[in-house]
Amino acid sequence: MKIYIVKTFFVWLVAVGLLSACGSDAKKVKENDIRFDTMTLKESYHMKNIETNPGCSLQINFLYPAEYQNQQVLKAAQQQFIRAFLGDDYMQCSPREAVSLYAVNYLNDFKKRETDFESDVEEHGSEPNDEWYSSYEILSDSIYYNQNDLLSMVVSKEYDTGGAHNAHHYTNRVIDLRTGERVTEAAVFIEDYQDDLAKIIVDAIALYNNVDKVSELENIGFFNINEIYPNKNFYVDEIGITYTFNEYEIAAYVVGATSVRIPYEKIRHLLRKESPIAHIAF
């Protein structure tokens, strides 16, 4: 297993929303004084170590906080990055240990399918279709906002575990660099916000898809619009809050993931005045 550690001192903010700050009258805001490292890993394996057999591959590009003035906050922030990137089972590991362990578990899980593969070969007298046994996973993350003691990150996962097509999944997180903890919906919004915010989200999705009535969304692949609600999968920047709904969550696979950005001026009446994002929202 090869793991490459690359020191990263400048993180390019790739969120589309940040392009709005490129105008000549845009105010320059200093980024948070936090530094990042990048871990890159590539692994592959073919069943029974025979290259002609179905195989799996894993690619990881993990950007995580590595240096910060408050060590306790740094450790908490690292745990939140690991949790969003790899899952709860790896939170107590260091970033390097977490990635290494994840890779070991990924390969071991694939190897457990070797028995089924061999049984199929014996039963059918030839090798089964590779697409039902081959798999891959590509994991990466990006920083979308890094100012005002807030850090927004998005994890992108592309994978195929054998089947008709591959899949994509996006995990958004906002971290309060005063505590290192995740910023939650409950901390951001007032009580009983869900219905009002749901309507704002649906209206924004309809506007983006150029439909006159929200009910027309169901004609282009969306499921029941009355069941579209805030899903806790959001990030923030200086303009607003962005929600992401993954494949099959609110629409058919052909629609793909749906991201909708809500400017703060449309939701200020739903925001807590003392929330962790209040200083950029008001």
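On the surface of the chain, E191, D192, D195 and D196 come together in a patch of negative charge. The structure described here is a predicted model. Within the patch, D192 occupies the loop that runs between helix 4 (185-188) and helix 5 (194-208). D192 counts as exposed because its relative accessibility is 68%, above the 50% limit used for that class. The backbone of D192 has a phi near 60 degrees, a positive value in a residue other than glycine.

A positive phi is also found at Y248, where the angle is near 75 degrees and the residue is again other than glycine. Y248 belongs to the loop between strand 9 and strand 10. With a relative accessibility of 48%, Y248 counts as partly exposed.

For the chain as a whole, the secondary structure amounts to 6 helices and 10 strands. The chain has 282 residues, of which 46% are buried. Its accessible surface is about 15,300 Å², and carbon and sulfur atoms contribute 48% of that area. Among contacts in the chain with a separation of 6 or more, 63% are between residues 24 or more positions apart.

Charged side chains also occur in pairs. Side chains of opposite charge can pair when their charged atoms come close. The structure contains 9 salt bridges, and three of the pairs are described here.

In one of them, E118 is joined to K48, with 3.6 Å between the closest N and O atoms. E118 is part of helix 3 (residues 114-124), whereas K48 is in the loop between strand 2 (34-46) and strand 3 (55-68), so this salt bridge ties together parts that are 70 residues apart in sequence. E118 has a relative accessibility of 34% and therefore counts as partly exposed. K48 is likewise partly exposed, at a relative accessible area of 41%.

Another salt bridge is formed by R261 and D237, whose closest N and O atoms are 2.7 Å apart. This pair also links distant parts of the chain, as R261 lies in strand 10 (residues 258-263) and D237 in the loop between strand 8 and strand 9 (240-245), 24 residues apart. The two partners differ in their exposure: R261 is partly exposed, with a relative accessible area of 30%, while D237 is buried, with a value of 1%. The assignment of D237 follows because buried residues are those under 20%.

The remaining pair considered here is D33 with R35, in which the closest N and O atoms are 3.7 Å apart. D33 counts as partly exposed at 47% relative accessibility. R35 is also partly exposed, at 29%.

Contacts between separate parts of the chain can be followed from I220. This residue is placed in the loop between helix 5 and strand 8 (234-236). I220 has a relative accessibility of 39%, so it counts as partly exposed. When neighbours within four places in sequence are left aside, I220 is in contact with N209, V211 and V255. I220 and A251 are separated by 31 residues in sequence, and their C-alpha atoms are 8.8 Å apart in space.

Note on methods. Residues are numbered from 1 along each chain as its sequence is written. This is a predicted model: local features need pLDDT of at least 70, side-chain atom pairs count only at pLDDT 80 or more; totals for chains, interfaces and linings use all residues. Side-chain values use heavy atoms; hydrogens and water are left out. Helices (H or I, at least four residues) and strands (E, at least two) are DSSP runs, numbered from the N terminus. Buried means under 20% relative accessible area, exposed over 50%, partly exposed in between (1.4 Å probe, protein chains only). Contact means heavy atoms within 4.5 Å. Accessible areas come from the Shrake-Rupley method with a 1.4 Å probe; for residues, only the protein chains shown count as cover. Patches are made of residues with over 30% relative accessible area and no salt bridge: like charges are joined within 9 Å, nonpolar side chains (Val, Leu, Ile, Met, Phe, Trp, Tyr) within 5 Å. A salt bridge is a side-chain nitrogen of Lys or Arg within 4 Å of a carboxyl oxygen of Asp or Glu. Lys and Arg count as positive and Asp and Glu as negative; His and the chain ends are not counted. The place of a charge is taken as NZ of Lys, CZ of Arg, CG of Asp or CD of Glu.
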